[in-house]
Amino acid sequence: MLQDRRRTLAYKNAILGSKEEFAGKVVLDIGCGTGILSHFCVQAGARKVYAVDASNIADQAKLIAEENGVADKLVVIKGRIEEIELPEQVDIIVSEWMGHCLLYESMFDSVIVARDKWLRKDTGFLFPSHASMFMAPFNEEDYYHEHVDYWNDVYGVKMTSVIPLAEKCFFREAEVAEIDACHLLGQDLLLKSFDLMTVTGEELREFSVPFSFLSYQINELTGFCIWFDVKFETRQMTESIKSGRTDVRPVVLSTSPYEEPTHWMQTLLHIPATVSLFQDDPITGTIVVRSNPIHVNRKMLFSLSLDLYSFEEKPVKEEDKAEIMKLMKKGRQNKYAALGKLDERIARWTVEMKVGKKGKKQAALNTKYNWTPGGVSKKEIEPPPALTTKCGSLQFDFELE
Ligand SMILES: C[S@@+](CC[C@H](N)C(=O)[O-])C[C@H]1O[C@@H](n2cnc3c(N)ncnc32)[C@H](O)[C@@H]1O
């Protein structure tokens with residue numbers, strides 16, 4: 001964690017960049033670890049920093065405070081934040097509580113308890129002060145080949161019988177991994193923003209957000225990517241921004257695929273299907289994000305409802321939906337062959353093309369529609385039909401654990 005330079009430097013820059021707000025203040029560092037963030041607060045002029053950690057790392061933090069000659073200001077307390085007592089109320093809470101996908105194994109429930117008990121209500125603030133989750137659709141076909149197709153020929157041995165299990169594992173579990181931004185198929189969408197001063201545990205527990213993207217290009221949708229940002233905005237900054245000042249720019253720590261990676265990476269929801277898209281095709285639906293109420297914050301659940309579109313206004317029949325899912329699970333060559341026969345109305349699933357390297361696929365599409373990426377047709381030939389009529393939806397569930 002310490003080695004995650006983007007993470008640690010974001011905290012350092014935010015704290016040292018707000019010296020006037022830390023000077024003479026009392027700070028609480030929740031889950032201090034080695035105490036690195038507490039040291040930044042002392043450097044920023046804090047009068048007292050209470051550094052709390054439940055694990056044995058607190059003993060090390062004490063030694064580090066001593067060897068830096070700041071043990072009079074930086075007071076390490078070993079214990080759970082929910083159980084310890086502080087000698088006074090605090091002006092600022094600093095904590096690095098974020099988990100993968102913001103809320104997985106996150107410590108924010110503990111931060112809420114401490115905020116409500118120890119932070120001065122009228123003048124206090126939290127660092128970070130705000131958190132936001134984002135989502136974007138992506139194409140990552142290699143995932144399917146690496147995790148599913150792979151079993152068809154393992155060093156010359158057929159292991160196709162493993163495929164149902166592989167699909168169960170790899171398409172129900174959310175994957176924490178880096179994705180290159182060039183794989184994204186649509187603009188990022190803000191899923192949810194939290195003001196950490198006021199958010200409640202209940203608000204973090206479950207939220208549902210409709211999503212809507214327009215595909216950037218001809219490609220196949222194979223999943224959705226989620227990431228988060230946290231912002232370090234002091235009360236003074238908020239006031240200045242409200243009063244119209246545009247030169248106030250709080251530090252933002254972003255785990256976006258457009259930025260250099262952090263140890264949080266991104267969270268990928270690979271759907272057990274590929275959805276063929278043309279430029280500007282709609283990608284719409286709803287995502288429900290849940291933190292498991294039993295093992296609070298240890299597990300995250302995602303329910304994704306993805307809309308199906310057709311050329312005509314005819315709903316997809318329930319029995320067709322089951323057939324679609326069955327075919328999709330068989331692998332894509334079968335899927336295209338069989339779906340083509342299944343029902344032309346399900347246009348989204350029936351683009352005929354060769355599956356292979358991107359170039360080949362693009363060429364096949366260009367030939368079929370005389371269509372070039374960017375939406376300009378080479379000749380004056382009819383563009384592919386637009387998918388505008390919603391005709392049903394498919395449901396996918398994922399766990400992050
Ligand atoms: C991600 S580490 C943060 C380390 C440190 N703040 C840094 O920036 O390097 C989280 C720390 O929180 C501590 N922790 C987790 N839950 C806690 C709780 N309820 N009370 C106190 N400490 C807790 C863990 O022991 C762990 O050392």
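1. A friendly place to start is one residue pair: Val49 stands opposite Leu74 in strand S3. Val49 belongs to S2 (residues 48-53), which runs parallel to S3 and is joined to S3 by five bridges. Two strands are taken as paired when DSSP finds at least two bridges between them. Helices (H or I, at least four residues) and strands (E, at least two) are DSSP runs, numbered from the N terminus. A further bridge in this pairing has Asp53 with Lys78 of S3 as its partner.

2. Before going on, two housekeeping remarks. This is a predicted model, in which local features need pLDDT of at least 70, side-chain atom pairs count only at pLDDT 80 or more, and totals for chains, interfaces and linings use all residues. Residues are numbered from 1 along each chain as its sequence is written.

3. Where do S2 and S3 sit in the sheet? The five strands of this open sheet are ordered S3-S2-S1-S4-S5, with parallel pairing. S3 (74-78) and S5 (125-127) each have a single partner strand, so one side of each edge strand is left without a neighbour in the sheet. From one strand to the next, the twist averages 20 degrees.

4. On its other side, S2 meets S1 (residues 26-30), again through five bridges and in parallel. Ile30 has Val52 of S2 as its bridge partner. The chain passes from S1 through H3 to S2 in a right-handed β-α-β crossover; right-handed means that, with the strands pointing away from the viewer, the path from the first strand over the helix to the second runs clockwise. S2, H4 and S3 likewise make a right-handed β-α-β unit.

5. Helix H4 (residues 57-67) lies across S2 and S3, and runs at about 165 degrees to S3. Axes here are lines fitted to C-alpha atoms, for helices over the stretch in contact, and angles run from 0 to 180 degrees between N-to-C directions. Contact requires C-beta atoms, placed from the backbone, to lie within 7 Å.

6. Is S2 enclosed or open? Six of its six residues are buried, so S2 is largely enclosed by the rest of the structure. Lys48, Tyr50 and Val52 cover one side, while Val49, Ala51 and Asp53 lie on the other, and all are buried. Buried means 20 or more other C-beta atoms within 10 Å of the residue's own, exposed means 12 or fewer, and partly exposed lies in between, with C-beta atoms placed from the backbone.

7. Now the ligand. Its shell holds 19 residues, the closest being Gly31, Gly33, Ala54, Ser55 and Ile81; the criterion is a C-beta atom, placed from the backbone, within 6 Å. Helix H3 (36-43) and S2 each supply at least two of the shell residues. By class, the shell has ten nonpolar, five polar and four charged residues. Nonpolar covers Ala, Val, Leu, Ile, Met, Phe, Trp, Tyr, Cys and Pro, charged covers Asp, Glu, Lys and Arg, and the others, Gly among them, are polar.

8. Finally, have a look at His100, in the loop between S4 (92-95) and H5 (108-118). His100 counts as buried because it has 21 C-beta neighbours inside 10 Å. Beyond its neighbours within four places in sequence, His100 contacts Val176, Trp264, Thr267 and Leu400. The C-alpha atoms of His100 and His263 are separated by 8.6 Å, although these residues are 163 residues apart along the chain.

Key. Two residues are in contact if their C-beta atoms, placed from the backbone, lie within 7 Å.
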